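User: I would like to learn how to read a protein model feature by feature. Could we begin with a single loop residue and work outward to the sheet and the core?

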Amino acid sequence: MGDVTRRDFMKIAGWAAAVTSFSAVTVPLIAYLYPKDLSETPADPVMVADASAFPVGEARVVQFGRYPALIIHTSDGLRAYSAVCTHFACIVKWNAETGEIECPCHEGYFDPADGSVLAGPPPTPLAALDVYTEGGQVYVAAPQEDAPQ
Ligand code: FES
């Protein structure tokens with residue numbers, strides 16, 4: 001191998017610094033925009049609310065493991081979904097006036113009954129979570145097939 005000149009060394013060092021800087025910015029950004037699936041959900045159910053203080057028509061965004069979850073008390077009972085939009089991972093919210101789940105980023109709309117897409121760009125429904133009441137408390141849990149082993 002030939003001698004490495006000072007100029008060659010500076011070029012290599014410059015490229016190494018550029019690649020490192022680019023990776024330091026893009027890797028976390030991609031991880032934020034494309035969060036992993038529900039496999040990172042807690043192994044055990046999480047108590048999220050007092051059932052008596054959660055009337056029909058209300059919703060809450062709660063922390064469920066690494067990601068937020070949206071819990072809605074519909075007239076047909078409690079429903080829970082990942083609050084991470086399936087389009088570009090914005091956090092969805094409940095609109096009590098329209099009775100729909102909305103994504104504020106690109107006007108995506110979801111059905112609170114099953115999390116399906118009503119309108120907008122989201123490619124798939126919201127990921128459903130299990131929700132139940134026990135001892136007067138509302139619990140959220142990963143669906144059985146997604147529950148960590
Ligand atoms: S991120 Fe939700 S509609 Fe685009």
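Analyst: Let us begin with contacts: once neighbours within four places in sequence are set aside, Gly136 is in contact with Asp50, Ala51 and Ser52. Please keep in mind throughout that this is a predicted model.

User: Where in the chain does Gly136 sit, and how far apart are Gly136 and Ser52 in sequence and in space?

Analyst: Gly136 lies in the loop that links β9 (128-134) with β10 (137-141). Gly136 and Ser52 are separated by 84 residues in sequence, while their C-alpha atoms are 6.9 Å apart in space.

User: Is Gly136 buried or exposed, and why?

Analyst: The general idea is to count surrounding C-beta atoms, where 12 or fewer within 10 Å is the cut-off for calling a residue exposed. Gly136 is exposed because 9 other C-beta atoms lie within 10 Å.

User: Which residue in the hairpin of β9 and β10 takes a positive phi, and how many bridges join the two strands?

Analyst: For a hairpin, one reads the pairing of the strands and then the backbone of the turn. β9 and β10 run antiparallel and are joined by 5 bridges, with Thr133 standing opposite Val138 in β10. There are 2 residues between the strands of this hairpin, and Gly135 takes a positive phi near 60°.

User: Which strand does β1 pair with, and in what sense?

Analyst: Strand β1 (residues 46-50) runs antiparallel to β10, with 4 bridges joining them. Two of the facing positions can be located by name: Val46 has Val140 of β10 as its bridge partner, and Met47 stands opposite Tyr139 in β10.

User: What is the order of strands in the open sheet, and which strands are at the edge?

Analyst: A sheet is read by following the pairings from one strand to the next. Here an open sheet of 6 strands has the order β1-β10-β9-β4-β3-β2, and the pairing is antiparallel. Its edge strands are β1 and β2, each of which pairs on one side only. Ignoring direction, neighbouring strands of this sheet are turned by 30° against each other on average.

User: What does the hairpin of β2 and β3 look like, and how many bridges join its strands?

Analyst: Strand β2 (residues 59-64) and strand β3 (residues 67-74) run antiparallel and are joined by 6 bridges. In β3, Ile72 is the bridge partner of Ala59. The hairpin has 2 residues between the strands, and Gly65 takes a positive phi near 70°.

User: Which residues of the largest nonpolar core touch the most other members, and which strand gives the most to this core?

Analyst: The general idea is that in soluble globular proteins nonpolar side chains tend to be buried together. In this model the largest nonpolar core has 26 residues, of which Ala69, Leu70, Ile71, Ala80 and Val140 touch the most other members. At least two residues of this core come from each of β2, β3, β4 (77-82), β6, β9 and β10, and β3 gives the most, with 4 residues. As one example, Ile71 has contacts, beyond its neighbours within four places in sequence, that include Val48, Ala59, Leu78, Val131 and Val140.

User: Which face of β6 is covered and which is uncovered, and how does β6 pair with β5 and β7?

Analyst: One looks at which residues lie on each face of the strand. In strand β6 (residues 100-103), Ile101 and Cys103 form the covered face, whereas Glu100 and Glu102 form the uncovered one. Strand β5 (residues 93-95) pairs with β6 in the antiparallel sense over 3 bridges, and Glu100 in β6 is the bridge partner of Asn95. The hairpin of β5 and β6 has 4 residues between the strands, with Gly99 in the turn at a positive phi of about 70°. β6 is also joined by 3 bridges to strand β7 (residues 108-110), in an antiparallel arrangement, and there Ile101 stands opposite Phe110. That hairpin likewise has 4 residues between its strands, and Glu107 in the turn has a positive phi of about 55°.

User: How many helices and strands does the protein have, and what percentage of its residues is buried?

Analyst: The protein has 1 helix and 10 strands, following the pattern α-β-β-β-β-β-β-β-β-β-β along the sequence. Of its 149 residues, 23% are buried. Among contacts between residues at least 6 apart in sequence, 43% join residues at least 24 apart.

Methods: Residues numbered from 1 in each chain as written. Predicted model: local features only at pLDDT ≥ 70, side-chain atom pairs only at ≥ 80, totals over all residues. Buried ≥ 20, exposed ≤ 12 C-beta atoms within 10 Å, placed from the backbone. Pairing = 2+ DSSP bridges. Contact = placed C-beta atoms within 7 Å. Axes fitted to C-alpha atoms, helices over the stretch in contact; angles between N-to-C directions. Core = buried A, V, L, I, M, F, W, Y, C linked by C-beta atoms within 7 Å.
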